[in-house]
Amino acid sequence: MIHLGLWLPLLAGLLLLILPGLGRTFAVASAVVSLVISCVLFAGYGGQGVAYASQIPFLPEAGVYYALGLDGAGLFLWVAVNLVVLLGVWIADVPVRFLAYALMMQTGLLGIFAAQDLIFFYFFFEATLIPALLMLWFYGGPERLRAIYIFALFTLVGSLPMLAAIFAVRFLGGADSFLYTDLAANPLTGQTAALAFLGFLVALAVKTPLFPLHAWLPSFHQQNHPSGLADAMGTLYKVGIFAFFKWAIPLMPEGFREWQGLLLFLAAFGAIYAAWVAFSAPDWKTLLAYAGVSHMGIGALGLFSGNTEGTVGALYLLGASMIYGSAMFLFVGLVYGRTGSLEINPVRGLAKHTPALYVLGMFLLMAMIGLPGLSGFPGELMALLGAYKVSPWLTFVAFLAVIAAAAYALTAFQKLFQESAQAQAVPDLNAREWGFAAVTVAVLLLMGLYPKLFTVYLEPLGKAIAALLGGAS
Amino acid sequence: MLENLLLPLVIGLPLLGFAVLGLFGRRIGEPAAGWLASLLVLGSFCLGLVLLLQGGARWTLAEWLPGIPFSLNLDNLSGVMLMVVTGVGFLIHVWAIGYMHGDPGYSRFFSYFNLFIAAMLVLILGDSLPVVFIGWEGVGLASYLLIGFWYHERVNADSARKAFIVNRIGDLGFLLAMGLLWSMFGTLSISELVDKVEAGGYSFTTLTLAGFFLLIGAIGKSAQVPLMVWLPDAMAGPTPVSALIHAATMVTAGVYLLVRHAFILHGDGFLAGLIVAIGLLTAYYGALCSLGQWDIKRIVAYTTLSQLGFMFVAVGVGAYWVAIFHIVTHAFFKALMFMTSGSVIHALGGEQDVRQMGGMRKYLPATHLHGLVATFASGGLVPLAGFWSKDAILAYAFEFGPWLWVLMLGASVLAALYSIRWYVLVFWGEYRGKAHPHESPAVMLWPNHILMGGALGVGFIGLPYVIDYKNFIEPYLTKAIGDFPHEKLPVLTEWVLIAISAVVAVAALWWGFRFFQQKMPAWYERFQAAALQGFYADALYNTLLVNPAKGLAELLFGGDKGLLSGFAGLGSLMGGLGSLLARLETGALRFYLAGLLLALVLLLGWGVLR
């Protein structure tokens with residue numbers, strides 16, 4: 001079933017490219033099946049270790065295996081990705097081919113979380129770039145060429161050191177294959193580990209994104225299609241935290257220690273820096289881009305603390321922000337569909353005409369700024385509890401973003417919905433959009449009020465990381 | 001105490017009201033929506049009372065987050081708060097049925113109102129700090145939604161946003177407190193923390209820091225100096241909101257938080273001094289500002305600030321039960337004062353400027369009576385509610401140091417003055433406006449009748465020990481707060497203090513009654529001009545903090561674009577130095593400078609913080 005869950009979206013996407021007449025219904029059906037599969041896998045998970053594992057020799061001479069499997073974090077993120085893809089293809093007002101690319105990208109993302117072989121991980125990590133670039137290429141804004149150039153450059157240049165480090169991890173570490181279990185049993189040590197970790201760091205910092213390698217993100221979002229679908233997929237592509245957690249830290253714990261101080265600092269600084277910058281964002285997509293950088297800074301701070309709480313917080317925040325972040329982009333797409341603009345100024349006063357859209361926006365916004373009771377909070381809190389143990393000062397710096405987030409988010413929100421403007425009437429949510437709103441709000445509440453549902457599976461992983469790094473470090 | 005499934009239901013009832021009215025409110029319509037919301041709060045009150053009479057209750061969901069349970073605890077302390085919030089809350093709900101009549105957002109209002117009650121109950125009942133924090137930010141959200149209830153006016157939306165952002169500064173303190181306590185004790189359950197703090201084996205300096213973080217949170221929520229600037233602006237919300245959230249309940253949450261954590265604060269000289277100083281400053285600041293306001297609601301808002309300062313002083317001097325006692329009496333007389341103001345506003349068709357009022361005692365006899373009682377209770381006239389709780393604070397202040405007693409006596413003189421000023425301007429003299437005042441309907445009068453009863457009589461549950469009659473509330477509360485013994489004042493001293501404060505209150509009320517009927521002398525006009533602006537606190541903050549922060553945001557935004565140019569420059573560097581130099585000539589210099597500055601900040605920051 002794990003194979004079906006992984007490859008089904010790609011097949012559906014290819015089929016949709018060949019037969020565009022199948023239309024949105026087909027894309028939605030595929031996304032529903034994917035979501036159901038991941039929910040079944042999640043429900044069947046025993047709570048320990050890597051489940052649904054299977055491995056087939058691919059290039060056995062080179063030690064490469066087609067190996068899949070899902071641990072608690074992988075399953076959690078599978079559910080998150082599949083949910084977001086469903087919401088995206090359900091709501092976004094885009095051509096059918098666009099939906100096909102989104103489905104193809106889905107396979108790449110699921111592969112990143114399921115791969116148990118480092119070469120296959122690298123393959124999915126890179127392959128996912130292709131549909132992302134295609135979406136930007138075919139449906140992006142007028143300055144998309146520059147955005148593509150920047151995006152591709154950051155990603156590809158960043159990945160080269162990682163590829164080198166991948167070989168270093170295997171051959172200098174002395175593992176028999178690229179399988180996770182093999183590599184983890186033969187971790188690198190000393191100066192080699194520090195250098196190899198640096199290779200991973202560059203690639204993963206681009207995808208976290210971690211300051212200052214977040215610089216590609218604003219133009220990526222600004223130039224993508226206003227429907228928000230490509231942005232939502234791009235939000236799912238921010239897998240850096242997961243990759244640090246799954247690969248970089250366990251394979252090179254000594255290397256991680258070498259860089260821990262710098263990483264903690266970059267995460268904390270990025271969190272407040274991006275939130276502050278977001279206040280000056282001229283349009284919603286830029287604002288959300290920086291908001292995302294800020295949240296990932298908080299998450300990364302938790303992860304780099306290297307203890308149980310911090311790791312659980314980072315993973316929870318990653319999954320939660322995939323959902324609220326993506327839904328926020330799709331929501332902004334709905335706003336664009338009504339006003340034809342994403343500019344934050346001037347005042348639009350939409351709430352008078354669109355009370356339901358206003359409520360949806362309020363929920364998303366509050367989840368995004370970490371209001372307790374909604375999905376953003378549990379992850380932020382656990383990250384805080386973990387980070388405070390390691391560095392109170394950096395925690396203080398990073399969580400200044402809590403104040404800044406209220407400032408940028410509420411200010412933009414006020415201009416969009418509140419005050420009064422001489423705007424022409426726009427329609428409120430239609431039936432399809434109501435479905436999107438209801439599911440989104442339900443998930444925000446569920447994740448905020450009953451985090452236990454997922455954290456019970458994340459906690460053992462956090463404990464493993466903490467044990468690997470020797471307690472609270 | 002028993003595990004009891006009914007306890008979450010106490011929160012569930014108003015939460016249900018929020019959901020139902022939010023989804024179907026428009027179909028339910030007026031006045032059913034208002035009655036539904038009110039009755040749900042009454043249900044909460046009754047259920048809470050039953051549980052409290054059974055000796056309290058607990059409810060726990062283990063491992064809500066790893067190591068953190070979702071736990072609720074109804075003990076005597078949270079019980080008293082629950083009675084106030086749901087009891088006074090119910091009355092204000094009913095009053096709002098009349099006040100909000102005809103508003104297009106009628107059901108939305110009651111939906112938010114119920115959300116507030118639910119969040120406030122979470123805050124009160126929470127036994128695990130993250131749960132308290134859910135309520136803490138939940139009431140902040142409700143407050144934001146209700147201040148900006150009429151958000152089509154920009155000033156209302158701005159005020160709501162300001163309240164939320166300023167509160168978030170306090171919330172950061174709360175968050176850091178959780179981080180610190182977790183790293184110290186590995187638990188965030190209040191009842192477990194009590195034991196761990198008692199057991200010892202930690203650094204007292206660190207515990208002081210934890211108390212300090214909690215204090216920051218309390219300062220934000222209770223609008224103490226220096227985070228007081230949001231409360232006066234919060235008056236942009238409908239009057240029932242001001243009465244319920246920004247006078248009777250939410251703003252006292254900071255005081256409650258501190259009292260709940262008395263086991264951390266107690267015996268810490270630094271924190272005690274700091275809390276007393278903050279409370280004193282706020283008591284004076286609020287009182288002086290109130291004396292210069294013309295907007296009837298802003299007058300009352302600043303009086304609330306002043307009274308909250310009294311509560312902080314009570315916490316600072318270790319009189320924890322007195323702080324809660326003052327919350328109770330204050331909830332009655334301040335809610336009454338706000339709703340009397342609201343009735344007057346209602347009678348005058350929305351007029352809020354006291355210069356357009358006056359003479360209301362002839363037009364609104366019942367409301368006048370409410371106003372008179374509120375004035376006397378707030379001014380500290382014997383034997384009304386406000387007198388007893390204020391007097392208890394004064395007695396503890398005297399133990400702390402006679403100088404503090406003198407200062408607090410000064411603050412209570414001001415309290416008498418601002419109360420009587422409000423009364424004189426609204427009810428006395430001749431009517432100066434042009435509307436046709438009409439008395440409020442029964443649905444607005446009856447809640448005020450009941451509150452008036454409270455403002456008259458509720459002080460008798462906490463009489464000073466020298467009066468040979470039972471003090472109910474002190475032993476009741478100390479059971480939950482913890483017994484921190486203190487030396488009682490000698491009988492004679494206590495009697496003298498009571499007599500002085502009683503006489504001073506009467507004198508101040510009488511003097512104020514005469515003074516505020518005259519034409520104001522020139523010195524008062526000058527004072528009033530500054531007080532009207534809140535002594536320029538807003539202007540100061542804008543100049544020193546808000547505008548620089550916005551400017552820095554612009555600068556960083558430019559710098560971030562420069563970052564990309566920086567990377568591009570790095571690429572060019574690979575290609576050859578020549579192209580880099582060429583780039584320098586294209587006018588991107590300031591980006592480089594911004595980048596340079598950023599790099600410098602980074603290096604320094606890393607050096608300092610690592």
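Helices and strands are here DSSP runs, with at least four residues for a helix and at least two for a strand, numbered from the N terminus. In this predicted model, chain B holds 26 helices and three strands by that count. A good place to begin is the overall form of this chain, before turning to its parts.

The C-alpha trace of chain B spans about 90 × 65 × 55 Å along its principal axes. Its radius of gyration is 26 Å, which agrees with the value near 25 Å that a compact globule of 610 residues would have. Of the 610 residues in chain B, 56% are buried. The contacts within the chain can be sorted by separation in sequence: among those between residues at least 6 apart, 81% join residues at least 24 apart.

The domain assignment divides chain B into domain 1 (1-127), domain 2 (128-532) and domain 3 (540-609). Between the centres of domain 2 and domain 3 of chain B, taken over C-alpha atoms, there are 48 Å.

Two of the strands deserve a closer look. In chain B, strand β2 (residues 57-65) and strand β3 (residues 68-74) run antiparallel and pair over six bridges. One of the bridge partnerships links B:L65 with B:I68 of β3(B). The hairpin made by β2(B) and β3(B) has two residues between the strands, and B:G67 takes a positive phi near 80° there. As for the side chains, in a regular strand they alternate between the two faces of the sheet.

Chain B also meets chain A, in a contact that takes 43 residues from chain B and 48 residues from chain A. On the side of chain B that touches chain A, at least two residues each come from β2, α5 (129-147), α6 (154-185), α24 (537-575) and α26 (589-609) of chain B. The largest share of that side, 16 residues, is supplied by α6(B). By class, the side of chain B that touches chain A comprises 28 nonpolar, six polar and nine charged residues. Strand β2(B) thus appears twice in this account, in the pairing with β3(B) and on the side that touches chain A.

In chain A, one helix can be singled out. Helix α13 (residues 253-278) of chain A bends by about 55° at A:W259. This helix, α13(A), is mostly covered, with 19 of its 26 residues buried. For a reader following such a helix along its length, an α-helix has 3.6 residues a turn, so residues three or four places apart point the same way.

Note on methods:
Residues numbered from 1 in each chain as written. Chains lettered and ligands numbered in written order. Predicted model: local features only at pLDDT ≥ 70, side-chain atom pairs only at ≥ 80, totals over all residues. Bend = angle between axes of the 7 residues up to and from the residue. Buried ≥ 20, exposed ≤ 12 C-beta atoms within 10 Å, placed from the backbone. Rg over C-alpha atoms; globule rule 2.2 N^0.38 Å. Contact = placed C-beta atoms within 7 Å. Domains from an automatic or database assignment. Pairing = 2+ DSSP bridges. Nonpolar A, V, L, I, M, F, W, Y, C, P; charged D, E, K, R; others polar.
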